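The following note sets out points for a colleague who is reading the model alongside its sequence. Each point is kept to one topic.

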Amino acid sequence: ELTVGNRIYAIPWDSGPVVIFYRRDLYQQAGIDLNRIETWDDFLAAGRRMLQATGGRVKMGTIANGQDDEWFRMLANQNGCFYFNNQGNAVTVNQPGCVRALDTIKKLVDAGVVAFGGWNEQIQYIKAGTVASAMLGGWYAGTIRTNAPDQSGEWGVYLMPAATKGGVRAANLGGSALAIPASSRNKEAAWAFVRHALATTEGQITMLREYGLVPSYLPALNDPYVKQPQPYWGNQPIWQSILGTLGKIPPARGTQYFQEARQIMTAIQADFLAGKYRTAKEALDEAARQISRATGLPIAR
């Protein structure tokens, strides 16, 4: 994504390996056994158990319906599907892996086990203890820790459920990069900063420790800090679990049209969940047509 021809024009900052952050105490109160959550059907069953145990007060997660399609992207990615193919030359959002992702979201919503809300609402739910989990990229660890310091020791991490038993339990959401604009008056100083922050173990581990930003610099993955128990997370070595998924994430190409596709898919998902389309395939066929018109790329057959 950061290369044109043989030229690299930016350096990866962090990545977003997806996991589920969960409230240990709430899961225990509901009698939910993590070892039994292998698939999304298992997650849905656990969600029903959570609702029953809490009188409907606590949901299993938060979906940013109408504001973002992040759950769709995570589930589609784990199913080997994305807006575009990996060559970046065709629209693939209506392929089977994406259809399965949208169907899964509809099942969770229809069962009432997830709440609706965007970034700010999810933080409020977390602080209030009305959601028991949050599924996002590993960088969200810093957000939880910062916004709910009083919940230290009550949180943990587990792998996202698979579509089917034994399937992929990994995906990516988010990640950043740094580039130096041609107009910079201090290119050498800027490059020195980029090199230290993003291309040294010291720089990357500092960001991981202080802010929960997941390293993109591969040597940093072998730093001893990665294996250390983390007090906030009930002394679980969460970074070992999170970074352990990196090699299992199916590749996905964002392309220069990512934001156009994201806006279209966010609206289509909201319409589908509201009942505008009879099936996920019908909804995604419409998404594919709109993305194709917006980008000029053909729909893959």
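1. E286 counts as buried, at 17% relative accessibility; the cut-off for that class is under 20% relative accessible area. Its salt-bridge partner is R293, and the closest N and O atoms of the two are 4.0 Å apart. R293 is, by contrast, exposed, with a relative accessible area of 60%. The salt bridge therefore joins a buried acidic residue to an exposed arginine. A salt bridge requires the nitrogen to lie within 4 Å of the carboxyl oxygen, and the reader should bear that limit in mind for a pair given as 4.0 Å. The model is a predicted one, and the values in this note should be read accordingly.

2. How many salt bridges does the count come to? The total is 13 salt bridges. One of them is formed by D68 and R73, with 2.9 Å between the closest N and O atoms. Both D68 and R73 are buried. These two residues also belong to a network of salt bridges in which D68, D69, R73 and R262 are linked.

3. A further salt bridge is found in helix α4, where the side chains of D110 and K106 meet at 2.8 Å, N to O. The two residues are four positions apart in helix α4, so about one helical turn separates them. Their accessibility is as follows: D110 is exposed, with a relative accessible area of 53%, and K106 is partly exposed, at 22%. K106 has a second interaction to note, since its charged end sits over the ring of F272, 5.9 Å from the ring centre. K106 thus takes part both in the salt bridge with D110 and in the contact with the ring of F272.

4. The next point concerns the cysteines. The count comes to one disulfide, formed by C81 and C98, whose sulfur atoms are 2.1 Å apart. The torsion about the S-S bond is about -105°, and the disulfide is therefore left-handed. C81 lies in the loop between α3 and α4, whereas C98 lies in helix α4, so the bond ties together parts that are 17 residues apart in sequence. Both cysteines are buried.

5. Aromatic pairs deserve separate comment. A pair of aromatic rings is described by the distance of the centres and the angle of the planes. The structure holds 17 aromatic pairs. One of them joins F82 and Y83, with 4.8 Å centre to centre and 35° between the planes, and is classed as tilted. F82 counts as buried, at 11% relative accessibility, and Y83 is buried too, with a relative accessible area of 0%. Y83 also pairs with F258, again in a tilted arrangement, with 5.8 Å between centres and 50° between planes. This second pair links distant parts of the chain: Y83 is in the loop between α3 (70-78) and α4 (96-110), F258 is in helix α10 (residues 258-273), and the two are 175 residues apart.

6. Which residues form one aromatic cluster? The members are F21, W119, W139, Y140, W155, Y232 and W233.

7. Q78 is a polar residue to inspect in helix α3. Is Q78 buried or exposed? Q78 is buried, with a relative accessible area of 4%. Its side chain makes a polar contact of 2.8 Å with the side chain of W40. With residues up to four places away in sequence left out, Q78 touches W40, M160, P161, A162, A163, V168, R169, A170, A171 and P250.

8. The last residue to consider is P17, in strand β3 (residues 11-23). P17 is buried, with a relative accessible area of 0%. Leaving aside neighbours within four places in sequence, its contacts include L136, G137, G138, A171 and N172, as well as V214, I242, T245, L246 and I249. A171 is among the contacts of P17 and also among those of Q78. P17 and A141 are 124 residues apart in sequence, and their C-alpha atoms are 11 Å apart in space.

Notes
Residues are numbered from 1 along each chain as its sequence is written. This is a predicted model: local features need pLDDT of at least 70, side-chain atom pairs count only at pLDDT 80 or more; totals for chains, interfaces and linings use all residues. Side-chain values use heavy atoms; hydrogens and water are left out. Rings of Phe, Tyr and Trp (its six-membered ring) pair if their centres lie within 6.5 Å; planes under 30 degrees apart count as stacked, over 60 as edge-to-face and the rest as tilted. Buried means under 20% relative accessible area, exposed over 50%, partly exposed in between (1.4 Å probe, protein chains only). A charge sits over a ring if NZ of Lys or CZ of Arg is within 6 Å of the ring centre and within 35 degrees of the ring normal. A disulfide is a pair of cysteine sulfur atoms within 2.5 Å. Contact means heavy atoms within 4.5 Å. A polar contact is a pair of N or O atoms within 3.5 Å; within protein, one must be able to donate a hydrogen and the other to accept it, and residues adjacent in sequence count only if both atoms are side-chain atoms.
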